[in-house]
Amino acid sequence: MKDIINKTINVLENGGLVIFPSDTVYGLLCDATNEEAVKKLIQFKNRPPGKAISVFCDFNLLNELVKITKGQEKIIKEILPGPFTIILPSKHKVCKLLESEKGTLGIRIPKYQLINQLIQRYKKPVTATSANLANRPSRYSIKTLLNELSGKQRQMIDLVIDFGQLPRNKPSTVVDLTQPNVKILRQGDVVFSETKTFLSKSVDKTKSIARGVILSEAKNLAKRKLNKPLIFIIEGEMGVGKTVFVKGIGESLGIKNIISPTFVIYYEYGNFYHFDLYQIEDKEEFKHLKIDKLLKPKNILCFEWGEKAGEIIDLLKSKGKIIYVKMEYVNEKEREIKINI
Amino acid sequence: MLILAIDTSCDETSVAITDGRKVLSNVIYSQVLLHKKWGGVVPSIAKRAHEERIDFVVEEALRKVGNKNFCSLQNIDAIAVTQGPGLAVALEVGIKKAKELAKKYNKKLISVNHLEGHLYSPFVQNSQSNPKIDFKFPYLGLIISGGHTEFVIFKNHLEYEVIGSTLDDAAGEALDKAAKLLGLGYPGGPMIERLAKEAGNKDFHNFPRPMLKSNDLNFSFSGLKTSFYYFLKNQPHFTLRVKELSSSFQEAVFDTLIKKTEKAIKQTKINRLVIGGGVIANMRLRKLFRDLIKKYQGEVLFPSYKYLTGDNAAMIGVVAGFKAKKGLFVKDIDELDRLPRWSL
């Protein structure tokens, strides 16, 4: 065992590539801080540039490599070591080619003695990519792996650690822990003239509050001859009843098949648009939604997770009439609903 | 019949070439709008919208078939496209491209419901015609994904009756959101599956099974979400055990799915299931369905290849093949418009 580690470290130190067993498949290891070695690895894998590659490390190295909040640290300690790749903002201590375009880095701390010992001794992160070529299946034995390589590729390998057939474990599961990069709505972004507070003890009551608001506001708009779309910005924690509120609005307009649009970001029902900004993690994504095109008179737009609308609030304000709804848990059965008009 | 199928229902641009039930090629370009599926594709390309990549994906799908003389746009018999349900701006791109190709190459156009695709996904074959299963109608169909949770009686080819669906969140969405509450980031479903497995897929907390008492076949996961939220809120942070919680939440969702399915089997007296959608990639859920169906001496069919559980154009092309057989082509190509909330 010690001999294997010594030999491997020797190659890594000299910028070489090693095929090495892991908790999942045979991996291709090189020193993650050595740019020449990383370039060689990318060339070997025939991997499109810009595609990120994760690294093996240990708990000692973790804080040097990525930025971790207290909350994240607890989660990480619970699930690692294990077959997971954790994505976090990089501190740029590894070769930049391994990071994603957004400057994040994938981290692996496996439950696998050989790798753990290697990292412990080497004290530097090493690449954790599978040794198969890009777009080819993962390989569990050295023989099948070497068979699909060209002569030139075989020459690029400096050391092969053959542990025979590895158990057919699935590749690691990737989990992205980076925080969203969107502007959060702040108090004062929109000024309201009136706030009403309601208490709801049931789904039906929440819906009827929503109905009341839409009816009086539609009237109000008509009376003031305001030719603007109506925009509901709805804030509140998970499970508080935001979708229920939107269903209430929809039902008063005769739309009965509203479901959560989280997965697709928004659903469209004639001139009624039901958004959920929950999945929006980057301000770039707003551009693809073409929201400006929907801001026409007579349209109604509802935004769940409206706090994430900071990026587009000026647009919404300039073209529409905003109603801001804040929903809060009073307890498991009751909700407080504040409507700002 | 060679069909070029396009699906842009959500964040994935997918184009496939199919021949009957056989898939000759299927190209999926992920990460468009939600370009955070780390490790997927080249981010600089992924940043652009569907529009900028659709041509490339069409070409790739044709190229991957290999035989150029056999497979070019001229030799394709019809173009198929997902008309809905899905994200409007995304659907638009696929439909526009499909119309353009149909006109340019003078091909017939077939419109497909994305949910039909999921129902047919267990019957989709690879280029070697595997799996070799035959249709034995009627089936009780289930679509369980990040965007849908529906019960459908799959009566015959292209004949469906929806008998239950979610009133709020989809099952996959509930799992993703639980993962988020646990601080597990995105995407949460596969993470929950893996952590639950490490906890032995046991139920430690017995979270509520929503809608089991109701007599209908609808689902609602918002109550479960609330109860999970409250549970986490009332526990001191340091005592939370992520694996046990993942496992318990997953069991609550899956148990609901299984019990409702049992109810549906009893009501419809159909003991043959076809199940499609992203959540059925979960091996624990497959096992639970196999166990259930053993009890009713029926059969259960899942998609044979993992890519068929997610959004893909291959299943759209296969549905289109059956539509073509019945002469169900789009009559007025210019009139075809997206249907973001199209139901079966």
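Two residues count as in contact if their C-beta atoms, placed from the backbone, lie within 7 Å. Keep that in mind for chain B: among its contacts between residues at least 6 apart in sequence, 73% join residues at least 24 apart. You are looking at a predicted model, in which local features need pLDDT of at least 70, side-chain atom pairs count only at pLDDT 80 or more, and totals for chains, interfaces and linings use all residues. Residues are numbered from 1 along each chain as its sequence is written, and chains are lettered from A and ligands numbered from 1 in the order in which they are written.

**Chain B as a whole**

Select chain B and colour by secondary structure: ten helices and ten strands appear. Helices (H or I, at least four residues) and strands (E, at least two) are DSSP runs, numbered from the N terminus. The C-alpha atoms of chain B fill a box of roughly 65 × 50 × 35 Å along the principal axes. Of its 344 residues, 53% are buried, where buried stands for 20 or more other C-beta atoms within 10 Å of a residue's own, exposed for 12 or fewer, and partly exposed for in between, with C-beta atoms placed from the backbone.

**The five-stranded sheet**

Next, pick out the open sheet with the order β8-β7-β6-β9-β10 in chain B, where the pairing is mixed; two strands pair if DSSP finds at least two bridges between them. At the edges stand β8 (159-165) and β10 (299-301) of chain B, each with a single partner strand, so one side of each has no neighbour in the sheet.

Zoom in on β7 (residues 149-156) of chain B, which runs antiparallel to β8(B) and is joined to it by six bridges. Here E150(B) sits opposite S165(B) of β8(B). Now add helix α8 (residues 242-268) of chain B, which lies across β6 (139-144), β7 and β8 of chain B.

**Loops worth a stop**

Between β7 and β8 of chain B, select L158(B) in the loop. Its phi is near 65°, positive in a residue other than glycine, and L158(B) is partly exposed, with 17 other C-beta atoms within 10 Å.

Then go to Q297(B), in the loop between α9 (283-295) and β10 of chain B. Phi of Q297(B) is also positive, near 50°. Is Q297(B) buried or exposed? Q297(B) is exposed, with 7 other C-beta atoms within 10 Å.

**Two cis peptide bonds**

Select G84(B) and P85(B), joined by a cis peptide bond with omega near -10°. Finally, switch to chain A, where L80(A) and P81(A) share a cis bond with omega about 0°.

Key
Axes are lines fitted to C-alpha atoms, for helices over the stretch in contact, and angles run from 0 to 180 degrees between N-to-C directions.
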